[in-house]
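Please open the structure in your viewer and keep the selection tool at hand. The stops below say what to select and what is there.

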Amino acid sequence: MVQTVNQQQQSIIEMDATEVAVHIREHKITSLDAVHAYIKQINSVNPRINAMVEKRFEKAIEEAKEKDQQHNSSNVTGELYGVPISVKEAYDVAGMKTTGGLLHRENAIAKADANVITRLKRAGAIILGKTNTPELCFCQETENKLYGRTNNPWDLQRTAGGSSGGEGALLAAGGAAVGIGSDIGGSIRFPSHFNGVIGFKSGMFQVNGNGHFPGNETGLQQRMLGFGPMGKSVRDIQLMYDVIAKQSSIPKDLNGVEIDILPAKTGYPLSANTAAALDNVAHYLMESFPVKRTIPPFFDQSALLWQEIMSMDGAKNVTDVALPYHSKSMLKEFIKEKVTKNAAVHTYLSWAVIGAKMFKPTKKRIAEVQDILIKGDRLLHNYLSNRVLVFPVYHTGAAKHGNVYKEIFSIKKTFLTYMPYVAYANVWGLPSLVIPVGTDEQGMPISVQLISQNTNEDILFQLGEKLESYFRGYVPCQKLQAFH
């Protein structure tokens with residue numbers, strides 16, 4: 001039976017990146033077929049979710065034609081040859097804008113590719129466009145003064161998360177084969193969890209971050225920042241990670257791996273469905289692995305350590321970048337936005353910076369934090385050598401717009417209540433893989449994260465494949481589907 005154009009396009013957007021690459025390699029589809037399919041899908045869904053903020057369609061079509069011509073005349077190589085992808089706005093792509101969502105950077109054109117983008121292009125990927133972030137990636141919800149707010153495709157009234165919220169929303173709506181994000185405070189994991197996609201935060205210093213904006217993190221913040229893929233399958237995540245990482249994941253045996261799963265009751269909030277999902281994962285893994293329901297070392301300290309590390313310079317670098325032509329008073333900008341809606345930056349950024357100044361640690365406390373990190377790194381290196389931690393990502397699925405921001409950025413230090421689940425992997429520089437495993441009370445996707453030490457990425461991927469095959473895994477959001 002011959003497929004219609006629409007049927008072929010629908011089948012393409014249902015594939016993961018690995019399958020798209022295989023189909024192109026085997027001449028079952030062309031790269032141009034794939035690019036056209038995703039362009040049509042983006043044009044259909046993006047007006048409602050506002051995920052892609054800069055399109056690169058003409059160049060993508062040109063590159064697809066070139067790759068198809070080359071493919072017809074030679075034996076091509078490249079793990080992602082001809083595969084259409086999306087990228088977070090924070091990554092420099094030559095000839096495209098890197099704005100950080102800031103009004104004064106709306107014409108800031110990158111002259112060269114970020115290291116990650118260079119590696120993806122070398123593997124044959126074709127970039128369709130760039131996706132939305134909060135200003136300077138400084139919030140767990142995606143909204144800014146330049147491009148506006150990104151909506152969750154499962155429910156447009158709910159958050160897509162942040163700061164890689166544009167990526168999460170676009171992938172959930174079938175707008176790219178795979179994508180790339182970054183994470184210093186749950187910024188890959190929140191959007192993956194809220195939108196129901198697979199996501200991976202790399203461990204500290206495992207991926208070269210040159211060409212990521214902002215890129216001026218202070219010393220200890222660098223250990224918390226990870227770069228990684230977001231997509232439809234664990235095998236795609238591993239393929240992408242091996243492309244962008246300084247060293248590919250090392251094959252390891254799952255035999256003897258121990259699993260520590262957080263108890264449902266830890267003193268921190270957890271919705272009934274999220275707790276049940278955690279219990280279901282525990283029961284499933286008990287069939288094959290030694291499983292304990294326990295709290296790992298330093299768990300209770302990690303949210304405070306995360307905030308203190310993020311606040312070490314009082315967010316001076318962020319202020320300097322966000323307000324280069326203004327008074328450099330985030331308090332004035334916050335009040336101005338509340339009164340006139342005409343400030344230079346969104347209240348999400350100004351209030352977060354005000355909080356960073358308020359919570360800035362003393363020199364004595366910074367020394368204490370450094371000492372804790374040295375001891376913790378040593379202890380966790382041994383503790384996680386053959387162990388995987390299983391955490392929730394957040395206490396609920398995606399909330400209505402603005403609620404996650406209010407929960408995390410409160411003067412009452414409620415980050416201590418809501419950030420422990422994601423802060424842990426950032427503070428200790430650990431790789432973390434997010435797998436959708438169910439839905440919450442409102443039918444929104446919920447996920448768990450698998451965490452271990454650096455060099456155990458392959459163990460995480462193997463366990464992730466087991467969970468995605470048994471539980472929910474990636475499910476495309478059909479509510480905004482372009483093809484009928």
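Begin with the largest pocket, which has a volume of about 280 Å³ in this predicted model. Select Val207, Gly209, Gln222, Leu225 and Phe227: among the 18 residues that line this pocket, these lie nearest its centre. Colour the lining by class, and it divides into 11 polar, 5 nonpolar and 2 charged residues.

Next, go to the second largest pocket, with a volume of about 220 Å³. To show its lining, select Glu337, Lys338, Lys341, His346, Thr347, Tyr348, Trp351, Gly402, Tyr405, Lys406 and Phe409. Three helices each give two or more residues to this lining: H13 (330–340), H14 (347–358) and H16 (403–408). Which helix gives the most to the lining of the second largest pocket? Helix H14 does, with 3 residues. Coloured by class, the lining of the second largest pocket shows 4 charged, 4 nonpolar and 3 polar residues.

Now select strand E10, residues 226–231. Is this strand largely enclosed or not, and why? All 6 of the 6 residues in E10 are buried, so the strand is largely enclosed by the rest of the structure. Buried here means under 20% relative accessible area.

Keep E10 selected and add its partners. Strand E8 (residues 178–183) pairs with E10 in the antiparallel sense, over 5 bridges. To find one point of this pairing, label Gly181, which stands opposite Gly228 in E10. Strand E9 (residues 198–201) also runs antiparallel to E10, and 2 bridges join them. Label Gly199 in the same view; its bridge partner in E10 is Met230.

The next stop is the largest nonpolar core, which has 164 residues. In soluble globular proteins, nonpolar side chains tend to be buried together. Select Leu120, Leu128, Ile259, Leu285, Leu349, Trp428 and Leu433, the residues with the most contacts inside the core. Then select helix H3 (residues 31–49), from which the largest share of this core comes, 9 residues.

Finish at Ile259, with side chains shown. Which residues does Ile259 touch, leaving out those up to four places away in sequence? They are Leu285, Phe289, Pro290, Val291, Lys292, Val388, Val390 and Leu463. One of them, Leu285, is also listed with Ile259 among the residues with the most contacts inside the core.

How values were computed:
Residues numbered from 1 in each chain as written. Predicted model: local features only at pLDDT ≥ 70, side-chain atom pairs only at ≥ 80, totals over all residues. Heavy atoms only, no water. Core = buried A, V, L, I, M, F, W, Y, C linked by side-chain atoms within 4.5 Å. Buried < 20%, exposed > 50% of the residue type's maximum accessible area, 1.4 Å probe, protein only. Helix = DSSP H or I, 4+ residues; strand = E, 2+ residues; numbered from the N terminus. Contact = heavy atoms within 4.5 Å. Pairing = 2+ DSSP bridges. 1 Å grid on protein atoms, 1.4 Å probe; cavity = no way out; pocket = protein on both sides within 12 Å on 5 of 7 lines; lining within 4 Å. Points joined across faces, edges and corners; volume = space filled by probe spheres on them. Nonpolar A, V, L, I, M, F, W, Y, C, P; charged D, E, K, R; others polar.
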